[in-house]
Amino acid sequence: MNHIEKQALGLFPTPMYRLPNISRELGTNVWIKRDDLCGVALGGNKVRKLEYLLHDAKSKGYDLVMTTGQAQSNHAMLTAACALRIGLDCILLLKERGITARKGNQILNHLMGVEVRYMDTDSFEDIYEEMDRIGEELGRKVYKIPCGGSNTLGTLGYIDCMKEVADSGIQFDHLVCACGSGGTAAGCTLGAKLYLPGTKVMCSMVDDEPFDVVVPRLMQEAADLLEVSTEIPVPELLPMWGPGYSIPSSEGNEAVSMMMKLEGIVLDTCYTGKAFAGLVRRAREGFYQPDDNVLFIHTGGAGGLFAQDWETE
Ligand SMILES: *Cc1c(COP(=O)(O)O)cnc(C)c1O
């Protein structure tokens, strides 16, 4: 079905297995898909998106890639790591928001020697304009990757992931992932519609954005690109951002602790902790049956964990 080419960057398929202690704790069968173990830097969901985006950049003759995010962006760090590996130059133009000190992902950016510039703005439009300006100043064509890699091509990454899940032959009743810029939620929701009949996808929103509009739009664009005619499903979105984007929540931090203590797996306070907290909340509410199979997509984020304060508001 998928005729769009990509550049191999990660180690796929990623491991997937049942979590015995969490399953006992929550009274249902909880499984995990370890996209944090996909083999680039500290892993994470952006690698699947970058396989499409960077192939597009290379095949169109670009040799300079720019992207954006907040100061501790996992996406920006992974874009740099993937771009440099395949011989593309990279400049990160980040929002001067969050922890800009040499901590967490900034350590990795520093080790790679990637150029990081900051902009004191809340508008991504300003940032994309500045990318064009830098390109003109350098006399180079810039391949701009949007925040989180969440555009049409990026969305294909998690459609592939759902195909990978289907290829395992295990029947899942439920699947839970994080939603931060929408590409993962769109890819999982549409991918499950295409490859996982009977699996209900729930996306834990870690930011207060109009994802009820963004996610269906991304799904429609991806379906058009793949030339599949299917009714676009309505995404199931659970507000899990707590005090706000990237601010730790007590419910999220409890989920991070539970996963570390019971299974020895590292989640983060910005994305995967809040995403997993959505699953925990639903399990506690009796939403899952004892013999259901519930799959949690681990989207990475360890780099950010080591820059953030643990305190909640
Ligand atoms: C970016 C990110 C997400 C959110 O994925 P989107 O596709 O941007 O919604 C989830 N987890 C981690 C660790 C991330 O870095």
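Hi everyone, let me start right at the ligand: one of its oxygen atoms is 2.9 Å from an N or O atom in the side chain of Asn74. Please keep in mind as we go that this is a predicted model.

Asn74 has some company. A polar side-chain atom of Lys49 lies 2.6 Å from an oxygen atom of the ligand. Then there is Ser181, where an N or O atom of the side chain is 2.5 Å from a ligand oxygen. And how much of the ligand's accessible area does the protein cover? On its own the ligand has 380 Å² of accessible area, and the protein covers 98% of that.

So where are we in the protein? The ligand sits in the largest pocket. There are 16 residues around the ligand, and those that come nearest are Lys46, Lys49, Gly180, Ser181 and Thr184. If you sort the shell by character, you get 11 polar residues, three nonpolar and two charged.

Now, which elements supply at least two residues each to that shell? They are helix H2 (46-59), strand E7 (174-179) and helix H7 (183-195). At the level of domains, both parts contribute: domain 1 (16-43 + 152-312) and domain 2 (46-149) each give the shell at least three residues.

Before I finish, here are two spots in the backbone to look up on your screens. One is the peptide bond that joins Phe12 and Pro13, which is cis, with omega about 0°. You will find Pro13 in the segment before strand E1 (16-18). The other is Glu227, which is not a glycine and yet has a positive phi, about 55°. Look for Glu227 in the loop between helix H8 (211-226) and strand E9 (237-239).

That's my tour, thanks for listening!

Technical notes. Residues are numbered from 1 along each chain as its sequence is written. This is a predicted model: local features need pLDDT of at least 70, side-chain atom pairs count only at pLDDT 80 or more; totals for chains, interfaces and linings use all residues. Side-chain values use heavy atoms; hydrogens and water are left out. A residue is near a molecule or strand if one of its heavy atoms lies within 4 Å of it. A polar contact is a pair of N or O atoms within 3.5 Å; within protein, one must be able to donate a hydrogen and the other to accept it, and residues adjacent in sequence count only if both atoms are side-chain atoms. Accessible areas come from the Shrake-Rupley method with a 1.4 Å probe; for residues, only the protein chains shown count as cover. On a 1 Å grid over the protein atoms alone, a cavity is a set of points where a 1.4 Å probe fits but cannot get out, and a pocket is an open set with protein on both sides within 12 Å along at least five of seven lines; lining residues have an atom within 4 Å of a point. A molecule sits in a cavity or pocket if more than half of its atoms lie within 2 Å of its grid points. Helices (H or I, at least four residues) and strands (E, at least two) are DSSP runs, numbered from the N terminus. Ala, Val, Leu, Ile, Met, Phe, Trp, Tyr, Cys and Pro count as nonpolar, Asp, Glu, Lys and Arg as charged, and the others, Gly among them, as polar. Domain bounds come from an automatic or database domain assignment.
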